[in-house]
Amino acid sequence: MDIYAVRLDRAYEKHKEEYDAKALEVLRSGSYICGRELAGFEEAFASYLGVSHCVGVNSGLDALRITFRVLGLGPGDEVLVQGNTFIAGFMGISDCGATPVAVEPDAYYGIDPADLEKKITSRTRAVLATHLFGMMTPMEPIVSLCEKHGLLLVEDCAQAHGASERGKKAGSFGYASCFSFYPTKNLGGFGDGGAIVTNDASFAEKCRIFRNNGSEKKYCNAVVGVNSRLDELQAGLLRIRLKYLDEMNAERSALAARYTNEIRNPLLRLPGIRPDVYNVWHQYVVRCRERDALQRYLHENGVHTLIHYPIPAHLSEAYAYLGLQPGSLPVTEALSDTVLSLPIYNEMSFEEQSYVIGLLNAFAPDGRGGEAGNRR
Ligand SMILES: Cc1ncc(COP(=O)(O)O)c(C=O)c1O
């Protein structure tokens, strides 16, 4: 049996008629940029999240870049960001000239609030809190640290559409929050896309102008902006997908619960679940000291997995200029060496998941492992 880490075709097939009809409708409309599909999607997504404004852009990275630029951050400013995040978090910060300052993650792949507080300096202006793998980062302590130290809170929700803490959705805690609609995301489009959401009307308007070549009125350019608009085709298709987001997240949750209940190999450490949160399982990430052997073994048996992320951003070539050496973020670096993302996608069949679980429970690189207890 061949099982991919992610499959996108099945979720499309499930509502193919609706997607096909919308694509044709947009193609035939003659309106492709900043039309009624974008306005409709922005309104629907803001309302889904419980925020006032949504500004559709070209990608999650652009959402971050535009956010920090419009916030007015620049050289000399520091933004705290968790070290184990996708590198776009760092890039969104450094694009305006600010410095990303890496914070260690906690046991749930979110920000460690204690390390966050230790890293606040007189130059810290903001915190970028990422809900990695669809798992809520601990918002309560982060919100209060931001209030205590007068820091702007930005959320990176690229992997967490629909996740919540105590019923409040990811994206509704921050001053501004950034989303990606890259096809593999929980709310994935059929190409690139992203959005910024906020409750501040004036900030939203500035982002709207910035994404449109810095222009509010055609050929009247107020600021040096960028061209980063969510196009009509993506916006129209995302409006359809948004209707199914809760159902799709519930399906992912059921797949995650089954992994949690049925993986019994003591060599694997399963993801812990923080109380009072609804995680949306963008990834199901296990940890294993023999990670590379595990990945090889699964691959030899037709199961494809991913590593999020093999090189932490602070040790990447791109951020060598930060001058951080191996060992500077031991928790983050240990995760890079041990994490493995198991296949999880909408419409994954019971048999496919049984096959993966069977292989995981039988994994024993040197005679250890097998069906013993479940070590969390
Ligand atoms: C946590 C996180 N932030 C930002 C991004 C950037 O999104 P995009 O790929 O749409 O630029 C991603 C996408 O992979 C992500 O996972």
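Helices, of at least four residues, and strands, of at least two, are DSSP runs numbered from the N terminus. These names are used below for a predicted model.

## The largest pocket

Three elements, α4 (60-70), α5 (88-94) and β8 (176-180), each contribute at least two residues to the lining of the largest pocket. The volume of this pocket is about 510 Å³. Its lining comprises 31 residues, and those nearest the centre of the pocket are F86, Q159, S180, Y182 and K185. By residue class, the lining of the largest pocket consists of 15 nonpolar, 12 polar and 4 charged residues.

Where does the largest pocket lie with respect to domain 1 (9-103 + 111-239) and domain 2 (245-362)? Both domains give residues to its lining, so the largest pocket lies between them.

## The ligand

The ligand is surrounded by 13 residues, with G60, D156, Q159, S180 and K185 as the closest. Polar contacts of the ligand include pairs with G60, L61 and D156. The table gives the atoms and the distance for each.

| Residue | Protein atom | Ligand atom | Distance |
|---|---|---|---|
| G60 | polar backbone atom | oxygen | 2.7 Å |
| L61 | backbone N or O atom | oxygen | 2.9 Å |
| D156 | side-chain N or O atom | nitrogen | 2.7 Å |

Thus oxygen atoms of the ligand are paired with the backbone at G60 and at L61, whereas at D156 a nitrogen atom of the ligand is paired with the side chain. On its own the ligand has 380 Å² of accessible area, and the protein covers 89% of that area.

Two descriptions can be set side by side here. Q159, S180 and K185 are among the residues nearest the centre of the largest pocket, and Q159, S180 and K185 are also among the residues closest to the ligand.

## The enclosed cavities

The model also contains 3 cavities of 30 Å³ or more. The largest cavity has a volume of about 80 Å³. It is lined by 13 residues, of which L8, A11, M248, R252 and N346 are the closest to its centre. Helix α9 (residues 232-262) is the greatest contributor to this lining, with 3 residues. The lining of the largest cavity divides into 6 nonpolar, 3 polar and 4 charged residues. Domain 1 (9-103 + 111-239) and domain 2 (245-362) each provide at least three residues of the lining of the largest cavity.

The second largest cavity holds about 60 Å³ of space. Its lining is formed by A11, K14, H15, E247, M248, E251, N346 and E347. Two elements, α1 (9-14) and α9, give two or more residues to this lining, and α9 gives the most, with 3 residues. In the lining of the second largest cavity, 2 residues are nonpolar, 2 are polar and 4 are charged.

Why is the second largest cavity placed between the domains? Residues of both domain 1 (9-103 + 111-239) and domain 2 (245-362) belong to its lining, so the second largest cavity lies between them.

A11, M248 and N346 are named among the residues closest to the centre of the largest cavity, and A11, M248 and N346 also line the second largest cavity.

## Backbone features in loops

Two backbone features remain to be recorded. The peptide bond that leads from H308 to Y309 is cis, and its omega is near 10°. Y309 is situated in the loop between α10 (291-300) and α11 (330-338).

C34, a residue other than glycine, has a positive phi, near 50°. C34 belongs to the loop that lies between α2 (16-29) and α3 (36-49).

Technical notes: Residues numbered from 1 in each chain as written. Predicted model: local features only at pLDDT ≥ 70, side-chain atom pairs only at ≥ 80, totals over all residues. Heavy atoms only, no water. 1 Å grid on protein atoms, 1.4 Å probe; cavity = no way out; pocket = protein on both sides within 12 Å on 5 of 7 lines; lining within 4 Å. Points joined across faces, edges and corners; volume = space filled by probe spheres on them. Nonpolar A, V, L, I, M, F, W, Y, C, P; charged D, E, K, R; others polar. Domains from an automatic or database assignment. Near = heavy atom within 4 Å. Polar contact = N/O pair within 3.5 Å; in protein donor to acceptor, adjacent residues only side chain to side chain. Areas by Shrake-Rupley, 256 points an atom, 1.4 Å probe, with all protein chains shown as cover.
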